[in-house]
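Here are some worked exercises to try with the model open beside you. Take each task on your own before reading its solution.

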Amino acid sequence: MTVKEAVRARTGSAYEVRGGGESLGEGEHASPDTSAAMTGMPDAPDTPATVAAGRAAQELGLRRSEFELAVHLGLIAVTAGPGSGRPRVHEREIARLREDPGFPDGLAERVRTVGTAEGAALLGIAPARFTRLARAGCVSPVTFYLNRYRAVVWLYLADELASFALREPELLAGRTPLWMRTLLEAGGDRRARNWRSQRIDRLVKRTADPWARAAVEASALDSAHLAEVVEDPYERAYLARVRPEPVFGRPGSVAARETMGELMLADDPDEILWRRINLTLGLDLAREERPAPHPGDDAGARMTPAPEPTSRVAPPQAQPVAETAPPLSPPAGETPSGLREPGGKRLLARLGWRRRSDG
């Protein structure tokens with residue numbers, strides 16, 4: 001589908017395009033496919049009926065990878081299975097989605113992903129220009145997979161690319177803007193940064209527990225930066241224990257898990273500083289809620305369970321734009337966390353920020 005076709009489709013009553021999409025490999029949402037074997041388990045009489053994720057994907061006309069991406073984006077609400085087992089979906093949630101006027105093509109189109117070549121064709125530009133736009137942070141990947149050479153292949157939401165074409169048509173033709181040329185000539189590449197930013201935002205929105213929210217921010221810092229911000233080793237251990245993971249867990253292969261771990265770490269000085277700020281402010285709120293457990297503490301009195309995660313709210317569709325703000329501004333694609341600035345010591349001093357070559 002071309003941009004012109006997308007514009008015509010969006011002027012109608014529904015988005016009536018059903019794309020083929022690419023199957024994800026060893027990316028964020030990879031997990032064993034149990035769609036054919038998993039069936040709904042009997043539910044207790046006083047609980048709403050649920051079905052397994054694979055069964056729900058079939059009823060919604062989605063591939064398993066598309067279903068997992070829809071859950072990650074907040075388009076489909078899931079609940080934990082008995083004993084915190086595999087995610088399950090309420091039958092009423094399936095009914096809600098099937099009652100949508102655009103079903104099934106509308107839901108499938110919202111999770112259709114494309115690579116560089118197909119994304120360039122969608123926008124009507126050369127693949128090289130698409131890559132420049134992505135490296136500059138104009139469009140953001142939503143997931144990735146590893147090809148047979150174990151190289152990262154970024155995937156983008158087709159729906160977001162169509163929105164970008166409508167919003168920034170001047171970037172699809174003509175000379176590359178000066179700010180973009182400067183960034184690219186310096187070797188800039190914001191694809192991983194934008195993917196990381198959106199992933200963190202979505203994980204934060206799934207929990208109201210302040211320690212879990214702080215743990216998500218902490219996941220973007222390496223051990224050295226984390227130790228400078230969180231000096232208490234018991235607090236660091238607690239952050240690691242309560243950190244929420246994607247609904248369907250981490251990738252299954254060793255190579256994908258290693259790649260995920262590398263991509264999750266902030267690697268630019270101003271992004272690192274931004275994560276340190278968010279973590280510092282988040283820790284203030286978490287400590288006010290309850291202290292982290294220490295040896296000898298009464299775990300029942302010191303720890304309270306994290307609230308039930310929510311996955312119903314869809315994430316914002318706005319695309320990240322190139323940064324023009326000073327280093328203390330949030331990275332591309334992020335919005336301020338709204339956390340209260342702590343009093344007392346100056347913020348940079350509380351961050352433990354030190355000027356050093358690695359940021």
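## Exercise 1: A salt bridge and its two ends

Arginine 63 and glutamate 66 join their side chains in a salt bridge, with 2.9 Å from N to O. This is a predicted model, in which local features need pLDDT of at least 70 and side-chain atom pairs count only at pLDDT 80 or more, while totals for chains, interfaces and linings use all residues. Residues are numbered from 1 along each chain as its sequence is written, and side-chain values use heavy atoms, with hydrogens and water left out.

**Task.** Is glutamate 66 buried or exposed?

**Solution.**
- Start with the contact rule: a salt bridge is a side-chain nitrogen of Lys or Arg within 4 Å of a carboxyl oxygen of Asp or Glu.
- Next, the accessibility scale: buried is under 20% relative accessible area, exposed is over 50%, and partly exposed lies in between (1.4 Å probe, protein chains only).
- Glutamate 66 has a relative accessible area of 5%, so it is buried.
- Its partner, arginine 63, has 38% and is therefore partly exposed.

## Exercise 2: Salt bridges across the chain

**Task.** How many salt bridges does the count come to, and which parts of the chain do the arginine 135 and arginine 276 pairs link?

**Solution.**
- The count comes to 18 salt bridges.
- Aspartate 189 and arginine 135 meet through their side chains at 3.4 Å, N to O. Aspartate 189 sits in the loop between helix 9 (178-185) and helix 10, and arginine 135 in helix 7 (residues 127-135), so this pair ties together parts that are 54 residues apart in sequence. Helices here are DSSP runs (H or I, at least four residues), as are strands (E, at least two), numbered from the N terminus.
- Aspartate 189 is partly exposed at 35%, and arginine 135 is partly exposed too, at 24%.
- Another salt bridge joins arginine 276 to glutamate 228, at 2.9 Å from N to O. This pair links helix 15 (residues 269-289), which holds arginine 276, with helix 12 (residues 223-229), which holds glutamate 228, 48 residues apart.
- Arginine 276 is buried at 0%, and glutamate 228 is buried at 13%.
- Finally, look for a network: salt bridges link Glu109, Arg112 and Glu118.

## Exercise 3: An aromatic cluster

**Task.** Which residues form one aromatic cluster with Phe144?

**Solution.**
- A pair of aromatic rings is described by the distance of the centres and the angle of the planes. Rings of Phe, Tyr and Trp (its six-membered ring) pair if their centres lie within 6.5 Å; planes under 30 degrees apart are stacked, over 60 edge-to-face, and the rest tilted.
- The structure holds five aromatic pairs. One of them is phenylalanine 144 with tryptophan 154, edge-to-face at 5.8 Å centre to centre and 70° between the planes.
- Phenylalanine 144 is in strand 5 (residues 143-146) and tryptophan 154 in strand 6 (residues 152-157), so the pair ties together parts ten residues apart in sequence.
- Phenylalanine 144 also pairs with tryptophan 195: the centres are 5.7 Å apart and the planes at 85°, so this pair is edge-to-face. It links strand 5 with helix 10 (residues 191-205), 51 residues apart.
- For burial, phenylalanine 144 has 0% relative accessibility and tryptophan 154 has 9%; tryptophan 195 is buried as well.
- The cluster therefore consists of Phe144, Trp154 and Trp195.
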